[in-house]
Structures are given as structure tokens and as C-alpha cells.
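I opened a new page in my notebook to write down what I looked up, step by step, in the structure shown here.

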Amino acid sequence: MGDDRYRGSLPPGRLDVRRVRDANCEDYCRSIVTSVQFHPISPLLLVSGLDKSVRVFRVDGTDNPKLAGIHFGDLPVRTAKFTRGGTEIVAAGERKFFYQYDLASGATQKIKSLSSKEEKHLRKFAASHDGEQLAFLGDNGRVYLVTSRSKQETGFVK
């Protein structure tokens, strides 16, 4: 324990591995999986794909039940992430808009383009550690900064 060489890593020795049931076995993606993310607090797993769906599973290693399935009829999902401390999901793809999904209420909201500049798509984004800020990769090297609460652009970098 006192050896700093192993702090934050597995101790040397034997590692027991056991095969468990697939996390998304209750509802597999019907296309390419594009995002996988664990919830920041709860034992939940988000899986999204080009089948225009985001699925949320409770990961228990035994049953892994599906808790939510969100289908976006007009958005093949390229990136999906838990945001705002894990209370919502943001999904984006090859479109000028993106979606937010509130986990508590089940409400979905379509967010139109971010700025006066016409972007071809908002398919890739990253969330800050706390999920309060989003950074969308735009065209021509622009990165749009967006607040997770209001979904309003606060600026951009190039």
C-alpha cells in the first residue's frame, strides 16, 4: 500500500476475470455502435448508434435491464453523452441540430443550430467533466462552446 509506484493502478499479481452477460443484450443496436459511456454516478450504460437510437441499461452483470430507449427518427446518432451530472443525454449527428433527453421526465427537445453561421452538421462534441459545458466541432476548424443548461452558444474558438 505504501508503494507509490502502484497508486491508481492494479497491484501486481493475479487478476481474476469472469465473462458476464453483454450489457446491451436486452436490445442490441441494429447498426454500428457510435457511442458508449458509463453514467458518472449510477451503474448505467449509454449505447448509441446509426440506427437513430440511444439506449440506457442498468449494468448489474446478470440481467442488465434496458431502462430507456430513445429513437430519433431524423438523426443517425454519431455522438451521445450523459450531461449535467448525468441527468440528461445529448445526442448529435450528421445534422444542423441535436437533441437533449431528460432522464427524469423522459422529455426530448430538438435544439436547432447553434449560431448565425450555417454549419453542415454537429456530429461530434465533447462534454466537460461535470457535463455543464459542451464543445461542438463545427466546420472550418471552429469549436462552438455551449452551456448544457440553456443550450446557448457562449462563444467559439478556431
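The entries below go from the whole chain to one sheet and then to its strands.

**Entry 1, the whole chain.** I noted first that this is a predicted model, and then I looked up its secondary structure, which comes to zero helices and twelve strands. I checked the extent of the C-alpha trace along its principal axes and wrote down about 55 × 40 × 30 Å. Of the 158 residues in the protein, 38% are buried, where buried means under 20% relative accessible area.

**Entry 2, surface and charge.** I looked up the exposed area, which is about 9500 Å², with carbon and sulfur atoms supplying 52% of it. I also noted 26 positive and 19 negative side chains, and I found that the centres of the two sets lie 5 Å apart.

**Entry 3, one open sheet.** I turned to a sheet of four strands and read its order as β5-β6-β7-β8, with antiparallel pairing. I asked myself why one side of β5 and one side of β8 are left without a neighbour in the sheet. The reason I wrote down is that β5 (77–83) and β8 (108–111) stand at the edges and each has a single partner strand, so one side of each stays without a neighbour there. I added that neighbouring strands of this sheet are turned by 20° against each other on average, direction ignored. As a reminder to myself, strands of a sheet pair through backbone hydrogen bonds, either parallel or antiparallel.

**Entry 4, strand β6.** Is β6 mostly covered or mostly open? I found that strand β6, residues 88–93, is mostly covered, since six of its six residues are buried. I then followed the directions of its residues and saw that Glu-88, Val-90 and Ala-92 point one way, while Ile-89, Ala-91 and Gly-93 point the other way, and that all are buried.

**Entry 5, the partners of β6.** I looked up the pairing of β5 and β6, which is antiparallel over six bridges, and I noted that Lys-81 stands opposite Val-90 in β6. The hairpin of these two strands has four residues between them, and in it Arg-84 takes a positive phi near 50°. With β7, strand β6 pairs in the antiparallel sense over five bridges, and here Glu-88 stands opposite Asp-102. I wrote down that β6 and β7 also form a hairpin, with four residues between them.

**Entry 6, the last pair.** I finished with β7, residues 98–102, which pairs with β8 in the antiparallel sense over four bridges. For Gln-100 I looked up the bridge partner in β8 and found Gln-109.

How values were computed:
Residues are numbered from 1 along each chain as its sequence is written. This is a predicted model: local features need pLDDT of at least 70, side-chain atom pairs count only at pLDDT 80 or more; totals for chains, interfaces and linings use all residues. Side-chain values use heavy atoms; hydrogens and water are left out. Two strands pair if DSSP finds at least two bridges between them. Axes are lines fitted to C-alpha atoms, for helices over the stretch in contact, and angles run from 0 to 180 degrees between N-to-C directions. Buried means under 20% relative accessible area, exposed over 50%, partly exposed in between (1.4 Å probe, protein chains only). Accessible areas come from the Shrake-Rupley method with a 1.4 Å probe; for residues, only the protein chains shown count as cover. Lys and Arg count as positive and Asp and Glu as negative; His and the chain ends are not counted. The place of a charge is taken as NZ of Lys, CZ of Arg, CG of Asp or CD of Glu.
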